[in-house]
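Student: Got a model open here. Can you walk me through its pockets and then a few side topics?
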Amino acid sequence: MTGGSRGIGAAICLALAGAGARVAVNYRSDVAGAENVRAQIGAGASLWPADISDEAQVTVLARSVQASLGVPDVLVLNAAQWFGGRIEHLKPEEWSAVMRTSLDSAYYLCHELVPAMRVRKWGRIIVISSVVGLIGFPGDSAYATVKSGLLGLVKALAKELGRDGITVNAVAPGFVETEMTSHITEGARVALLGRCSIPRPGQPAEVADGVMYLARAGYTTGQVLVVDGGMSL
């Protein structure tokens with residue numbers, strides 16, 4: 001589970017643990033958040049610090065987790081970084097950071113972990129995308145691009161891995177109450193909720209519900225489960 005120390009990632013960790021899974025909680029720098037998740041789960045959680053935008057660190061992470069816990073049954077790719085603003089103000093290094101954290105890391109982890117899943121003939125890969133990747137949003141060019149790119153990866157891998165017993169799907173949350181969305185101005189918040197059929201922010205646990213469905217589903221692959229209160233309608 002990448003990006004598992006807070007927000008949607010933490011909620012997914014708790015949901016998986018509640019279903020009896022042993023959860024490998026990856027985080028980059030939020031030690032307190034990761035420790036809090038482990039405290040809530042107990043012995044079923046282990047913490048794995050790594051910057052997954054760094055290929056070398058991902059290689060060590062993936063191989064260490066497999067050596068300790070075995071081949072993952074469910075791989076949830078949740079880590080994300082946000083930089084926004086009008087395109088002329090978005091710095092090249094900010095664009096690159098967004099791409100590396102979400103898209104490059106997804107490739108690195110699948111490159112490392114899929115072969116063992118294929119040998120075992122079973123696996124669930126679940127990518128956390130965003131409704132922004134489906135409909136776009138002003139000032140979110142980097143985030144929209146990377147979340148859309150993840151959907152391309154999902155579609156391709158679903159076709160590539162289905163015969164190996166591995167499903168690959170995405171969850172696309174809308175406006176969810178997390179630290180990442182806490183910077184939104186009141187005016188933007190009102191505007192966003194005005195686009196929703198269900199006029200309230202989503203909660204991280206509601207996104208986790210979607211992940212749990214896909215973790216159990218054996219005949220669903222290449223799909224995008226939108227959890228956005230009707231925002232994208």
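Student: How much volume does the second largest pocket have?
Tutor: About 530 Å³. A pocket here is an open set of points on a 1 Å grid over the protein atoms alone, where a 1.4 Å probe fits, with protein on both sides within 12 Å along at least five of seven lines. Points are joined across faces, edges and corners, and the volume is the space filled by probe spheres set on them.

Student: Which residues are closest to its centre?
Tutor: R22, A24, P72, D73 and V74, out of 29 that line the second largest pocket. A lining residue has an atom within 4 Å of a point.

Student: What should I know about the source?
Tutor: This is a predicted model, where local features need pLDDT of at least 70 and side-chain atom pairs count only at pLDDT 80 or more, while totals for chains, interfaces and linings use all residues. Residues are numbered from 1 along each chain as its sequence is written, and side-chain values use heavy atoms, with hydrogens and water left out.

Student: Back to that pocket. Which elements supply at least two residues of its lining?
Tutor: β1, α3 (55-69), β3 (74-77), α4 (92-120) and α8 (204-216). Helices (H or I, at least four residues) and strands (E, at least two) are DSSP runs, numbered from the N terminus.

Student: How do its lining residues divide?
Tutor: In the second largest pocket, 22 are nonpolar, four polar and three charged. Nonpolar covers Ala, Val, Leu, Ile, Met, Phe, Trp, Tyr, Cys and Pro; charged covers Asp, Glu, Lys and Arg; the others, Gly among them, are polar.

Student: And the largest pocket, how much space lies in that?
Tutor: About 1,200 Å³. Its lining takes in 48 residues, with A80, W82, Y143, T178 and M180 nearest the centre. They divide into 21 nonpolar, 20 polar and seven charged.

Student: Which element gives the most to that lining?
Tutor: α1, with three residues. The elements that each supply at least two are α1 (7-18), β1 (23-27), α6 (141-161) and α7 (186-194).

Student: α6 again. How far does it reach?
Tutor: 30 Å from first C-alpha to last, over 21 residues. That is close to the 30 Å expected at 1.5 Å a residue; the expected span is 1.5 Å times one less than the number of residues.

Student: What do its buried residues pack against?
Tutor: α4, β4 (123-128), α5 (132-135), β5 (166-173) and β6 (224-227). Contact means heavy atoms within 4.5 Å. The buried residues of α6 include Y143, K147, L150 and V154. Buried is under 20% relative accessible area, exposed over 50%, partly exposed in between (1.4 Å probe, protein chains only).

Student: Is A67 buried or exposed?
Tutor: Exposed, at 72% relative accessibility. A67 sits in helix α3.

Student: New topic. How many cavities of 30 Å³ or more?
Tutor: One. A cavity is a set of points where the probe fits but cannot get out. About 60 Å³ of space lies in it. Of its 13 lining residues, L77, N78, A79, S102 and S105 are closest to the centre. α4 gives the most to that lining, with four residues.

Student: Last one. How many disulfides?
Tutor: Zero. A disulfide needs a pair of cysteine sulfur atoms within 2.5 Å.

Student: Why is C13 not bonded to C110?
Tutor: Because the C13 sulfur is 17 Å from the one in C110, its closest cysteine sulfur, too far for a bond. C13 is buried, at 0% relative accessible area. C110 is buried as well, at 8%.
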